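Biologist: Please take a close look at a single part of this model, namely its empty spaces, and describe what surrounds them. I should be grateful for one connected account.

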Amino acid sequence: MSKLDLLLQEATTVESDAYQDARRQMAVCNACRYCEGYCAVFPAMAARREFEKADLTHLANLCHNCKGCFHACQYAPPHAFGINIPATFATVRQESYAEFAWPTGMGKLFDRNGTLLAAATTIFVTLALVLTVALRDPAVLFSAQTGTGAFFRIIPLWLINLLAGGSFGFAVIAMAMGAIRYWRGTGGMGGSFQPQPAVDAAVDVLTLRNLGGGGHGCNDFDDSFAQHRRWLHQAMFFGFMLCFAATSTGAVYHHVFGWHSPHAFLSLPVQFGTWGGVLLCIGTAGLLWVKTVTDPAPVARKLMGGEYALLGLLFLIGSTGLLLLAIRHTSAMGIMLALHFGLVLALFVVLPYSKMVHGIYRGIALLRNAREKRPA
């Protein structure tokens, strides 16, 4: 057994109060079973008789926090049993992010996630502005730049590659290591690869099917059902992916075809970025509104600061990207480019230590769930 496996085994034997309470609540739910048709978690729970820490971690990351179980539960507060699966699983999820974070010890950053995101945003926006002013003549920085390579006259390409490439590369490695740790820490999935469960899980990820709760939507505001959060989350997800596609196609244009930015409005990078920015702003602004007006009873309040900060950072990235497109031929372009670049750097640095990792862990949980529903 490797040193990493030994460390994971030791870590997964230590249980917090949240895990102990989750086990207690699962025992009650498994005996009651009134809500097993509400979401993917309850059939997965009903397939178990005992709940090890790995099982609880899996169930918590499978949960999409639709809150339907809370409003339907006869044992929810103020009942003495105090069953509150959405709040308890949200806390367990956050603890799993911290437990499997890489490098070891960096999981402590999840304890003050709102502060981390705010500090990173401030630091990297300031860094981008200072470096831009220091490296460029004010005559260039504060004058309109047009034509091929206009952006690189403001921020040199080597600096973009160094800072953005380095921070994003680290984020990818850190999240990949976290995913491996999560996979091992929750028991992995033995046996040969099965294509159909992988397809089922991919469909669940792309359609956010489980944000539909039992089929009618989420209970974000009260005990009534709504699809707001599902559609807003879809907008944010696909907006983010379109922005990533804009960066990727821009890199191909530059390094493969020798077509340097800024590109024409109807080019692929600009179209991907424009629609991605619009969807990202709609999704994040909408989700911020939902979190503001949501019923506070099934919410883990101590986690809200980090969630607000991440949504705010994503909104600022989308909005400054759109503003940069609108003013890219004016003298205001230089400062806006530096501001946008600093915000993107902040996101890259905090990616492995923010709620963004939930996409990876939930994807693995959905794959495991799909395999359990289709036994070999």
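**The pockets, the cavities and their surroundings**

Modeller: Among the elements around the largest pocket, α12 provides the largest share of the lining, with 9 residues. The model is a predicted one, and every value below is computed from it.

The largest pocket holds about 1400 Å³ of space. Its lining comprises 43 residues, and those closest to the centre are Cys243, Ala246, Thr247, His340 and Val344. Besides α12 (228-257), the elements that each supply at least two lining residues are α9 (150-154), α10 (157-185), α13 (268-293), α14 (304-326) and α15 (333-350). As to chemical class, 27 of the lining residues of the largest pocket are nonpolar, 15 are polar and 1 is charged.

The second largest pocket has a volume of about 1200 Å³. It is likewise lined by 43 residues, and here the ones nearest the centre are His233, Lys355, Met356, His358 and Gly359. At least two lining residues come from each of α6 (85-99), α10, α12, α13, α14 and α16 (358-373). Again α12 gives the most, this time with 7 residues. The class division for the second largest pocket is 28 nonpolar, 7 polar and 8 charged.

Since α12 contributes to the lining of the largest pocket and to that of the second largest pocket, its packing deserves a closer description. Two packed helices are described by the angle between their axes and the distance between those axes. For α12 and α13, the axes come within 7 Å and cross at roughly 150°. Angles over 145 degrees count as roughly antiparallel, and therefore α12 is roughly antiparallel to α13. The crossing of these two helices is left-handed. Where α12 touches α13, the contact residues divide into 19 nonpolar, 11 polar and 1 charged. In the loop between α12 and α13 lies Pro262. The peptide bond that joins Ser261 to Pro262 is cis, with omega about 0°.

Turning from pockets to cavities, one may recall that rolling a probe the size of a water molecule over the atoms shows where empty space is left. The count comes to 6 cavities of 30 Å³ or more. About 140 Å³ of space lies in the largest cavity, and 15 residues line it, those closest to its centre being Cys29, Cys32, Cys35, Phe42 and Cys73. Both α2 and α5 (68-72) supply at least two residues each to this lining. In the lining of the largest cavity, 13 residues are nonpolar, 1 is polar and 1 is charged.

Helix α2 also carries a charged pair. Side chains of opposite charge can pair when their charged atoms come close. Asp21 forms a salt bridge with Arg24, and the closest N and O atoms of the two are 2.8 Å apart. Both residues lie in α2 (residues 17-32), where they are separated by 3 residues, about one turn of the helix. The count for the model comes to 12 salt bridges.

The second largest cavity has a volume of about 60 Å³. Its lining consists of Cys39, Val41, Phe42, Cys63, Asn65, Cys66, Lys67, Cys69, Ile85 and Pro86. Phe42 thus lines the second largest cavity and is also among the residues closest to the centre of the largest cavity. Here α3 (41-46) and α6 each supply at least two lining residues; α6 was named above for the second largest pocket as well. By class, the lining of the second largest cavity holds 8 nonpolar residues, 1 polar and 1 charged.

One of these lining residues, Asn65, has a backbone feature to note. Its phi is near 60°, a positive value in a residue other than glycine. Asn65 belongs to the loop between α4 (53-62) and α5. The next loop to mention, between α5 and α6, contains Pro78. The peptide bond from Pro77 to Pro78 is cis, with omega near 15°.

To draw the account together: α12 gives the most to the lining of the second largest pocket and supplies the largest share of the lining of the largest pocket. For the cavities, α2 and α5 contribute to the lining of the largest, whereas α3 and α6 contribute to that of the second largest.

Conventions. Residues are numbered from 1 along each chain as its sequence is written. This is a predicted model: local features need pLDDT of at least 70, side-chain atom pairs count only at pLDDT 80 or more; totals for chains, interfaces and linings use all residues. Side-chain values use heavy atoms; hydrogens and water are left out. On a 1 Å grid over the protein atoms alone, a cavity is a set of points where a 1.4 Å probe fits but cannot get out, and a pocket is an open set with protein on both sides within 12 Å along at least five of seven lines; lining residues have an atom within 4 Å of a point. Grid points are joined across faces, edges and corners, and a volume is the space filled by probe spheres set on the points. Helices (H or I, at least four residues) and strands (E, at least two) are DSSP runs, numbered from the N terminus. Ala, Val, Leu, Ile, Met, Phe, Trp, Tyr, Cys and Pro count as nonpolar, Asp, Glu, Lys and Arg as charged, and the others, Gly among them, as polar. Axes are lines fitted to C-alpha atoms, for helices over the stretch in contact, and angles run from 0 to 180 degrees between N-to-C directions. Angles under 35 degrees count as roughly parallel, over 145 as roughly antiparallel, 65 to 115 as roughly perpendicular and the rest as oblique. A crossing is left-handed if the near helix is turned anticlockwise from the far one by less than a right angle, and right-handed if clockwise. A salt bridge is a side-chain nitrogen of Lys or Arg within 4 Å of a carboxyl oxygen of Asp or Glu.
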